[in-house]
Amino acid sequence: MATTRNLVKTYLDDTELARLDRLAGQLRLSRSELLRRLLMNSKLPDQRTFEASQAILDLLKVNADQARLGNLFKLALDEPLSADLLAKFDQLIVEIEGTQNALKDLVRQIDHSIRHKAP
């Protein structure tokens, strides 16, 4: 398949190549894309954005676990239980929902900090 791109070769010593690979890895870009962006003075990804995105994903996983746990408790409530155990289940469900809401708030804060980062 024909392409309008041109292949450019360059030689780097071991130190330069290691630095290129390290930076490309940190920015999650290929060597080519990193060099292209540097050459064209394009914006490079921010490491802080990657970290915040990973934190959001981790918190969303915890939130999903909390939701599954809450659903399991709701299923357990369908079974005949003592009044004392029902009260404990109700309190646990309230705590799970509170944790879920706290996690959602934290995700929103992280997302807001990514979108409105200081220059």
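This report walks through the salt bridges, the longer helix α4, a surface patch, a pocket and two loop residues of a predicted model.

Residue numbers run from 1 along each chain as its sequence is written, and side-chain values use heavy atoms, with hydrogens and water left out. Since the model is predicted, local features need pLDDT of at least 70 and side-chain atom pairs count only at pLDDT 80 or more, while totals for chains, interfaces and linings use all residues.

**Salt bridges**

Searching the whole structure turns up 6 salt bridges, each being a side-chain nitrogen of Lys or Arg within 4 Å of a carboxyl oxygen of Asp or Glu. Three of them are set out here.

| Pair | N to O distance | Helix |
|---|---|---|
| R36 and E33 | 2.4 Å | α2 (residues 31-39) |
| D84 and K88 | 3.7 Å | α4 (residues 83-115) |
| R108 and D105 | 3.0 Å | α4 |

Helices here are DSSP runs (H or I, at least four residues), numbered from the N terminus. How far apart in sequence are D84 and K88? They sit 4 residues apart, about one turn of the helix. R108 and D105 are 3 residues apart, also about one turn, and R36 and E33 are 3 residues apart in α2, again about one helical turn. That spacing fits the geometry: an α-helix has 3.6 residues a turn, so residues three or four places apart point the same way.

How open are these side chains? Buried means under 20% relative accessible area, exposed over 50%, and partly exposed in between (1.4 Å probe, protein chains only). R108 is exposed at 52%, and its partner D105 is partly exposed at 40%. Salt bridges with shared partners tie E33, R36 and R37 into one network. Within that network, R36 is partly exposed at 34% and E33 is partly exposed at 23%. Over in α4, K88 comes out as exposed, at 51%.

**Helix α4**

α4 has 33 residues and spans 48 Å from its first C-alpha to its last, close to the 48 Å expected at 1.5 Å a residue; the expected span is 1.5 Å times one less than the number of residues. Which residues of α4 are buried? They are F89, I93, I96, Q100, L103, V107, I110 and I114.

**Patch and pocket**

L23, L35 and L38 make a nonpolar surface patch, with about 230 Å² of accessible area together. Patch members have over 30% relative accessible area and no salt bridge, and nonpolar side chains (Val, Leu, Ile, Met, Phe, Trp, Tyr) are joined within 5 Å; the areas come from the Shrake-Rupley method with a 1.4 Å probe. L23 belongs to helix α1 (residues 14-27) and is partly exposed at 30%.

The largest pocket holds about 480 Å³ of space. A pocket is an open set of points on a 1 Å grid where a 1.4 Å probe fits, with protein on both sides within 12 Å along at least five of seven lines, and lining residues have an atom within 4 Å of a point. Of the 13 lining residues, N6, V8, S32, L35 and R36 are the closest to the centre of the largest pocket. α2 gives the largest share of the lining, 5 residues.

**Two loop residues**

R28, in the loop between α1 and α2, has a positive phi near 55° without being a glycine, and R28 is exposed at 55%. N41 lies in the loop between α2 and α3 (47-77). Its phi is also positive, about 55°, although N41 is not a glycine, and N41 is exposed at 70%.

How values were computed. Patches are made of residues with over 30% relative accessible area and no salt bridge: like charges are joined within 9 Å, nonpolar side chains (Val, Leu, Ile, Met, Phe, Trp, Tyr) within 5 Å. Grid points are joined across faces, edges and corners, and a volume is the space filled by probe spheres set on the points.
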